[in-house]
Structures are given as C-alpha cells and as structure tokens.
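User: Hey, I'm new to this one. Can you walk me through it?
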Amino acid sequence: MTDVIYDCVVIGGGPAGLTAAIYLARYHLDVIVIDKGESRAATIPLSRNHAGFPDGISGLDLLCRMRAQAEKYGATLRQGSVVTIAKDGNVFSLRTAAGENVAARTVLIATGVFNRRPAMPEAMHHEAVARSLLRYCPICDAYEITDQRVAVIGTGNGGVNEAVFLRSFTEDVTLISPALEHELTAKHIARLKKYGIAIVNGPAECIDLHEKAISVRTSNGTMAFAAVYPALGSDIHSELAALLGAKRTDEGCVIVDCHQRASVKGLYAAGDVVLGLDQMSHAMGQAGVAATTIRNDLCDQAALLR
Ligand SMILES: Cc1cc2nc3c(=O)[nH]c(=O)nc-3n(C[C@H](O)[C@H](O)[C@H](O)COP(=O)(O)OP(=O)(O)OC[C@H]3O[C@@H](n4cnc5c(N)ncnc54)[C@H](O)[C@@H]3O)c2cc1C
C-alpha cells in the first residue's frame, strides 16, 4: 500500500486526461496522471480543425504544451500502465504494470479507444498515418481530400455511413470490403448507388505508399487513392471501469451522467472512452466538466477550504 492518497488519479494522458489535470491542479487538488503514452492525438500529423491554431498544430506539439501546463500548476505526470483497480470504502487503489501502487479519493478514466487497423505491415501503417495517406477521422481532415479520389475500407452500417459522409467532400468515393465479400443489405446498396459510391470486394490490403497515393489490393486488382479511411470500428479502453462494475454501453463506452459521473461513486470518465464525437475539443470539454464535478463532489465530502 501507499501512504499518499491523491484527490484524483487520472488514468490516461491524452487531451481529456491532461485537460482534467490542468483544471484539477488549478483547483488546488493533488492530482496524478498515469499514462501509457499511446494517445491517438500523438498520431495526428497536423490538426487543422482544433480551434485557436489557424495554421494547424501537430498532436505531439499539443500534448507537449498540455503536459507543460499541467506540470506548471503542480500535477504529477507519470508514465505507466494501470493494470488493476479496486475500491475499498471511499478509496480507490490502483496498480501499474511496473508494480507501483497509487491510492486516490476519485478516479477519472480518460483511456481513449484503439482504432482497428486494415491489413498492412505495422511500419507502413505508421508511415501512412504520418503522411496522411491513411486517415482515421473524416470529421477532422476530410476537408483536405476535397475533390480527390478516396477509399473507405469497411462494410455494413459503419462503412456505408463513412463513405456517404465523404461524398460531401468528393464525388470519387470507393467502398472496399475488408474481407473477401461485403456485408451489405439491399438498402445499403441502394444508398451507395444513390450517392454514386463504387462498391469493390476485398480482401482489402494496403500494399504500397507513393508520393501522393496509397495502393490497395482488392478483388478488382490494385487501386490507388489519395487517401484511405479505415472504418473498421474501435476497441474501447474501458476494462478498468468494468473491473469496478461501472455501467458500459454494448460497445464498451463508459456510461456517464451529464456531469461525467460514472455509475460507481467517485469514478468519472471523459474523452473517447465515453460515447461522443471522438474529437479533441469534445474530449477537452468533457474533461473540464469532469474536473469541476470532481472538485465539487470532493468539496461536499470533506471541506477543501484553505
Ligand atoms: C490519425 C488521427 C487524426 C486525428 N485528427 C484529429 C483532429 O485533427 N482533430 C481532433 O479534434 N481530433 C482528431 N483525432 C481524434 C483525437 O485524437 C481523439 O479524439 C483524442 O485523442 C481523444 O482524446 P482522449 O484523451 O480521450 O484519448 P487519447 O488521446 O487516445 O488518450 C488516451 C490515453 O490513455 C492511455 N491509456 C489507455 N489505457 C491506459 C491504462 N490502462 N493505463 C494508463 N494509460 C492508459 C493511452 O495510452 C493514451 O495515452 C484524430 C485521431 C486520429 C487517430
């Protein structure tokens, strides 16, 4: 066990976790952030939709600035992976993969999600994302592929919705099946036809990167696109909330009230791990709400007056 009991331990140091840490530290609370270091934001080559940065900002730069801001006000930032969590009375105890124990009165889960990837070598995947040939967020960056040739790797509702979303940016959209054949209903096919979206069978495999294109192997042979959007769903990092018995959606998102409280007292969640827009602005907004709720709930439990 540990003698120190933090007011809050934030699990995850992406935009949600770091925003919460900045707020909590500025509320004069003892806050520690434990972060595995795999923020989705760290993979953003240049975010152009994040308000306040008209020329864009890279995800790494933004995270670096947020870490400095959190530390400036006294938040403790620690690299590590939380592997287990339990609650005894009003105190949460956590253990990291390195065997470190941390205790806190409240916990904010800000652990994000993992985007399922298309078939391709890992090194090629990282390079393709860094060069914006492979993109995971049409809300964020479809503007940049306006009037260019793009593909969505996906099928079913997810694939169809993403392909249709992209049609307001370009008329040249192809939906490629991740497996050999698509799983499309007659309604799906009618909708794709209505929008002039090409339907191609897979199995889709990204096989080559060029200066301004990415090649995908399909049942129609190799096709080149200015960008490919995988629409293969995400794995939600909500296992720790589940260990505490917190309610989750069928997909695994932590269910919270309008103040970001989870169904377990003292537990809060913010960012992509909660159902939402999967955007930094939304993650940060939820984190601001969560931090203020934590502050107010703690104040109710034991006066924090100076
Ligand atoms: C390629 C790409 C481009 C994008 N572009 C934009 C954009 O331009 N604009 C925009 O608004 N959004 C963009 N997004 C989305 C944005 O990155 C996410 O919405 C945002 O990062 C969510 O923040 P978060 O803090 O909830 O999760 P994350 O940023 O994913 O951070 C979660 C953190 O929790 C850590 N973690 C998980 N489990 C544990 C554990 N057990 N113990 C310790 N730590 C743990 C992870 O390692 C990670 O560091 C983009 C995403 C991608 C993939």
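Analyst: Sure, we can start with the overall fold and then turn to the cysteines. Keep in mind that this is a predicted model.

User: How many helices and strands does the protein have?
Analyst: There are eight helices and 16 strands. The radius of gyration is 21 Å, close to the 19 Å from the globule rule for 306 residues, so the protein is as compact as a globular protein of that length.

User: What share of the residues is buried?
Analyst: Buried residues make up 48% of the 306. Some of them sit in helix H5, residues 156–166, including Val160, Ala163, Val164 and Leu166.

User: And what do the buried residues of H5 pack against?
Analyst: They pack against helices H4 and H6, and also against strands E8, E9 and E14.

User: Switching topic: how many disulfides turn up in a search of the whole structure?
Analyst: The search finds one. Cysteine 137 is joined to cysteine 140, with an S to S distance of 1.9 Å. The link is right-handed, with 65° about the S-S bond.

User: Is cysteine 137 buried or exposed?
Analyst: Cysteine 137 counts as buried because its relative accessibility is 14%, under the 20% cut-off. Its partner, cysteine 140, comes out at 25% and counts as partly exposed.

User: Why is there no bond from cysteine 206 to cysteine 137?
Analyst: The closest cysteine sulfur to that of cysteine 206 is the one in cysteine 137, and it is 18 Å away, so that is too far for a bond. Cysteine 299 is in no disulfide either; the nearest cysteine sulfur, in cysteine 8, is 15 Å away.

Technical notes. Residues are numbered from 1 along each chain as its sequence is written. This is a predicted model: local features need pLDDT of at least 70, side-chain atom pairs count only at pLDDT 80 or more; totals for chains, interfaces and linings use all residues. Side-chain values use heavy atoms; hydrogens and water are left out. Helices (H or I, at least four residues) and strands (E, at least two) are DSSP runs, numbered from the N terminus. The radius of gyration is taken over C-alpha atoms; the globule rule is 2.2 Å times the number of residues to the power 0.38. Buried means under 20% relative accessible area, exposed over 50%, partly exposed in between (1.4 Å probe, protein chains only). Contact means heavy atoms within 4.5 Å. A disulfide is a pair of cysteine sulfur atoms within 2.5 Å.
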